[in-house]
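Here are some short exercises to work through with the model open beside you. Try each task before reading its solution.

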There are 2 protein chains.
Amino acid sequence: MRIVQRNFGDRLTERILSQRSQVIVGLDPRVDRLPEELRPATPSVKGTAHAVMAFNRAVVDAVADLVVGVKVQVAFYEQLGCAGMNAYASTIRYAREKGMIVIGDAKRNDIASTAAAYAAAHLGTPDGADEVDDFLVDAVTVNPYLGSDGVRPFVEAAAANGRGLFVLVKTSNPSSCEVQDLDCDGATVYERVAELVAEWGSEHRGHSGYSLVGAVCGATFPEELGRLRELMPCAPLLVPGFGAQGADVDDIIGAFDTEGLGAVVNASRGVIYAWERPPYAEEYGPQRWREAVWAAAADMRERIWRATRPDDAV
Amino acid sequence: MRIVQRNFGDRLTERILSQRSQVIVGLDPRVDRLPEELRPATPSVKGTAHAVMAFNRAVVDAVADLVVGVKVQVAFYEQLGCAGMNAYASTIRYAREKGMIVIGDAKRNDIASTAAAYAAAHLGTPDGADEVDDFLVDAVTVNPYLGSDGVRPFVEAAAANGRGLFVLVKTSNPSSCEVQDLDCDGATVYERVAELVAEWGSEHRGHSGYSLVGAVCGATFPEELGRLRELMPCAPLLVPGFGAQGADVDDIIGAFDTEGLGAVVNASRGVIYAWERPPYAEEYGPQRWREAVWAAAADMRERIWRATRPDDAV
């Protein structure tokens, strides 16, 4: 008999409460910004992939007690070819072993049986008989441009395996407006997509009230966040754009429910390269980069927790 | 000095004329449908990846004289994990060595510097100094939901390397209407995206009149095809949905210009599993599957060529 695992919305909520954190750290290793000590002596693709892996392991170790999990941006691994995809597989395996919620930021999308192949790659097969587990994560990001038959295979795979997905609704980049903000009879495209997200997740709510179908809503559009929270009351929100992209704590408040739950906030560059940025550059510098990563994650955790759960200090 | 390669629109047009074909064959190897003789005796992931590679090589050999190129659907390789990505890299390398135009059907999308990482993976870096070539193809498919700053890095990489991209405009699946057909002040979302595609490609036209920024427009929506041809006069169209998805020659005529150029038509299942389908099943059967693949590609080539270039028999 197959054990059906817990709903992803519940798992995420429990992890937020047990870690006392709503922080996700983005593992976006840009090769030219790795700490000096990790760079390969002789440049080679395998050496670079190895350095990326060592960096990720150190970041995961540094933030393990401070965060909900990590978001791993597949693009930076795909850029390194097959060696990079091996590093991607090793990274997600390492983070999962540390008990982290691991989000594969893959933004995958395709139609019907092809979407099912992507879903199998990242979330497992609906029958749970996964012979290949290289790219399995707790949740994957999905692009909604193809509509329901491109998204439902991910929902089915997620439901069968206690995993989840985050559908792109309103992304954090400046030109997200070009398609997402088009006005359709009084609602924007992203609001229509939000309605679809609510529908896709409606049959998959857990005890926490949250579903396994979440949404990506950029921190760089604070006014829209509250509206999206209302349109998708059961969707966990993944909020990128904090820190390096310009958003601060005030900008993300709208993403949370009244208990400070229902959302996780991602920071990538602002945390993993903290030793290059004020105020951490002065205090730690490049030698003590691990501590700078720790401090940046700790500060982010405390500031968001305090703002969203004021009666419950870290 | 760096040699700037020919524009992708020109390369595609030349290849159509030299092959006397507008056919693209989709390499979507579904593991459970591989020919009996290629299936691994003992199931294993590596064995499956090996079988997929053997199948692709046989299909490429069978259709080499009949087609413009191949479209390789990354999802079916990602599903096999790292071993699958190795098979993906080997497949595109083999097809490129045979002189084919190779399209990576990856539907990648992300913002700014992350989109640039995907672009580097699939189309090369803007400075052309590619240390990693595992996933380099002649063109890649791109999802436009994130707008210009998610697409322009692909355009820049393509321009620098003589490569191209096909932006999803109107996809062939039934629920493409849910987002793509939303009405925005008298135009649909996909028509707005088509306008963006025309804009992105406007500075990158070749001698043929065609740009390096193409568009994916499903054969299953024949009435929309002609309209999209008008909205994007310089965009090469990649038309999926022929055959197994239901579209026939009459449905795709609108995608071509008056000379029968400017579009390529993809068939996947209808060609690569032809030995399972009438009329090829009766004539060839599973033993002579290579010949069935050849015959299906040859028939498709002739029927489309005849319909779009009636004065110029194959």
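Two residues are in contact if their C-beta atoms, placed from the backbone, lie within 7 Å. This is a predicted model, in which local features need pLDDT of at least 70, side-chain atom pairs count only at pLDDT 80 or more, and totals for chains, interfaces and linings use all residues. Residues are numbered from 1 along each chain as its sequence is written, with chains lettered from A and ligands numbered from 1 in the order in which they are written.

**Exercise 1.** Find the contacts of B:V25, leaving aside its neighbours within four places in sequence.

*Solution.* Start with B:V59, B:V63, B:V67 and B:V70, which are in contact with B:V25. Then add B:A267, B:V271, B:I272 and B:A297.

**Exercise 2.** Describe the side of chain A that touches chain B.

*Solution.* First, 53 residues of chain A are in contact with 53 residues of chain B. Next, α5(A) gives the largest share of chain A's side, 6 residues; helices are DSSP runs of H or I, at least four residues, and strands runs of E, at least two, numbered from the N terminus. Finally, sort that side by type: 27 nonpolar, 16 polar and 10 charged (Ala, Val, Leu, Ile, Met, Phe, Trp, Tyr, Cys and Pro count as nonpolar, Asp, Glu, Lys and Arg as charged, the others, Gly among them, as polar).

**Exercise 3.** Find the bridge partners of A:V140 in β3(A) and β5(A).

*Solution.* In β3(A), take A:G104, whose partner is A:V140 of β4(A). On to β5(A): there A:L165 is the partner of A:V140.

How values were computed
Two strands pair if DSSP finds at least two bridges between them.
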